[in-house]
Amino acid sequence: MHHVDLAGLTIDTRHYIGGERVASAETFESVSPIDGTVLAHIARGGAAEVDAAVAAARAAFPGWRDLGPRGRGEILHRLADLVEANVEGLSQLETLDNGSLLRSHRRGVMPRVAMNIRFFADWAMNELHHPVWQTRGHDNVVSWDPSGVAAIITPWNAPLMLATWRIGPALAAGDTVVLKPAEWTPLSASYFADLCTEAGMPPGVFNVVQGFGAEAGAALVAHPGIARIAFTGSVPTAKSIARAAAENLTPVSFELGGKSPLIITDDADLDIAVDIAIEQYDNAGQVCLSGTRLLVHESIANEFSARFAERAAAIVQGDPRDEATQIGPQIHQVHLDRVAGFVERATAEGARVVVGGGRNDALGGLYFSPTLLTGAKAGSEILTAEVFGPVLTMQTFSSDDEAVEVANATEYGLAAVVVCGNRERAQRITKNLVAGTIWVNCFFVRDLAAPFGGSKKSGIGREGGVWSFDFYADVKNTVYAPAGWKE
Ligand code: NAD
């Protein structure tokens, strides 16, 4: 009744609170975007389940805090080992639930899930040095004290990867966690909870409340018992969470949407440029960091777009479990309709379709063809709003200054990509771009030690390396006088 067998794993569909499984009176369906199969009926939590989970996390906090980085690290490494031992099952499960490529999960995403846990456990043990310096003979000693319960709310586009990117540092920092996964992709978090039990994590250190944003999510972020809110998702949701957080002055870390530019200068290596541009369709365009606005120097625009269109037309779209597939389905009918609506409005306003342009009728279901639009009006919706689907736009520029100006002309500032043949020129361009991450002649190279986050409406705060600990911990300075010591 409360279990379902999927991908060779047994998934418990209830919440995970205080190390126990807890049911709710109501459930919701988890549907596979691959073919519409109902995969499971998941417990639909609300304020009562959130209260119980926060209470369990608060009760577990002193013990987890007092284990220290080494004690916690042992458990976290066992957890990472278990993720690694379950890469195949987790990959298949995540593909069923969110439609991303199975081979990406196997080779990249799930190993990274393990690394999200291992890396921050190691950082807490080895890299978090407590700086000491002197002021008129007084010692300043800085420490990162665990802060309490971290509420973590995550989206559906890379469910377990994005959850563990927050859970890893939060637990390593000594906080306990209540996770509310996205309602379109609840399954991997549920299985991950079992791995926490198996790793010997004390009950209540990690908790999962399943359910909808307006119910479980809203109750969690408004809870006075939480110390931190780490949210990954959209700007409208972030605004509502910020309002709830204001009531308790709960610190927030927001990783939000993007509308990132991909600038291609006239001296760029076009092979690299086309490769990188095609990569922007990865995960069927459902990637916050995607450089969806191609800004191409006018002198190479024709050649670039011809070469790009040829490559885009050859992209293999289909079942994400097939090894040959490059692009799978959109996550949900609601989302597909939203993506299609953006393209319909843009073309009605005069944008021209270079490639794709609509649903993939040959495949049916939730498949949207990789699309490139040109000729969109400056300032129009398609050039400013996040589509979050396999839809790119192309604009041309005649000077680097113009490219930078157009690149910065959105309310977002998550990432930017520059393809350029000259390093000094690239430096001049990147200097004036407003973005949390910029890639030059590359894309998606991510180091967990590097700061990650968004400028402008793309986020608040940075995580990665010490920046994560700065957020999850209470950073404290203790000043010791040179006098007054009796021994
Ligand atoms: P979303 O904002 O709709 O939902 C995200 C999560 O918030 C879900 O778990 C949802 O249930 C919850 N939620 C919704 N309303 C809530 C409320 N009132 N209170 C508390 N929680 C609530 O976003 P989505 O559609 O799931 O994800 C797509 C968005 O996420 C895109 O904008 C994308 O760019 C962004 N994203 C950003 C990053 C990043 O690192 N910057 C990474 C991935 C996705």
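**Exercise 1. Work out how much area domain 1 and domain 2 bury between them, and how much of it is on carbon and sulfur atoms.**

Solution. Step one: domain 1 and domain 2 bury about 1900 Å² between them, and 58% of that is on carbon and sulfur atoms. Buried area here is the accessible area (1.4 Å probe) that two parts lose on being put together, summed over both. That's a common choice: the size of an interface is often given as the accessible area lost when the parts come together.

Step two: look at who pays on the domain 1 side. Trp 156, Trp 184 and Ser 458 lose the most area to domain 2, together 29% of what that side buries.

Before going on, keep in mind that this is a predicted model, where local features need pLDDT of at least 70, side-chain atom pairs count only at pLDDT 80 or more, and totals for chains, interfaces and linings use all residues. Residues are numbered from 1 along each chain as its sequence is written, and side-chain values use heavy atoms, with hydrogens and water left out.

**Exercise 2. Find where the two domains run and how many residues each brings to the contact.**

Solution. Start with the bounds, which come from an automatic or database domain assignment: domain 1 covers 3–256 + 458–478, and domain 2 covers 261–440. Next, take the centres over C-alpha atoms; 31 Å separate them. Now count the contact (heavy atoms within 4.5 Å): domain 1 gives 21 residues and domain 2 gives 26 residues.

**Exercise 3. Count the salt bridges and polar contacts across the interface.**

Solution. First the rule: a salt bridge is a side-chain nitrogen of Lys or Arg within 4 Å of a carboxyl oxygen of Asp or Glu. Side chains of opposite charge can pair when their charged atoms come close. Across the interface of domain 1 and domain 2 you get 1 salt bridge. Glu 323 and Arg 107 have side chains that meet in a salt bridge, at 2.3 Å from N to O.

Then the polar contacts: there are 10 residue pairs between domain 1 and domain 2, both residues at pLDDT 80 or more. A polar contact is a pair of N or O atoms within 3.5 Å; within protein, one must be able to donate a hydrogen and the other to accept it, and residues adjacent in sequence count only if both atoms are side-chain atoms.

Finally, helix H2 (87–98) and helix H3 (102–127) each supply at least two residues of the side of domain 1 that touches domain 2. Helices (H or I, at least four residues) and strands (E, at least two) are DSSP runs, numbered from the N terminus.

**Exercise 4. Explain what the salt bridge of Glu 84 and Arg 118 ties together.**

Solution. The total by the rule is 24 salt bridges. In the one between Glu 84 and Arg 118, the closest N and O atoms are 2.8 Å apart. Glu 84 sits in helix H1 (residues 47–85) and Arg 118 in helix H3, so the pair links parts that are 34 residues apart in sequence.

**Exercise 5. Lay out the sheet of 7 strands in order.**

Solution. Go across this open sheet: S16-S17-S18-S15-S14-S20-S21, with mixed pairing. Two strands pair if DSSP finds at least two bridges between them. At the edges are strand S16 (352–355) and strand S21 (437–440), each pairing on one side only. Zoom in on strand S17 (residues 371–374) and strand S18 (residues 391–397): they run parallel, joined by 4 bridges. There, Leu 373 stands opposite Thr 393 in S18.
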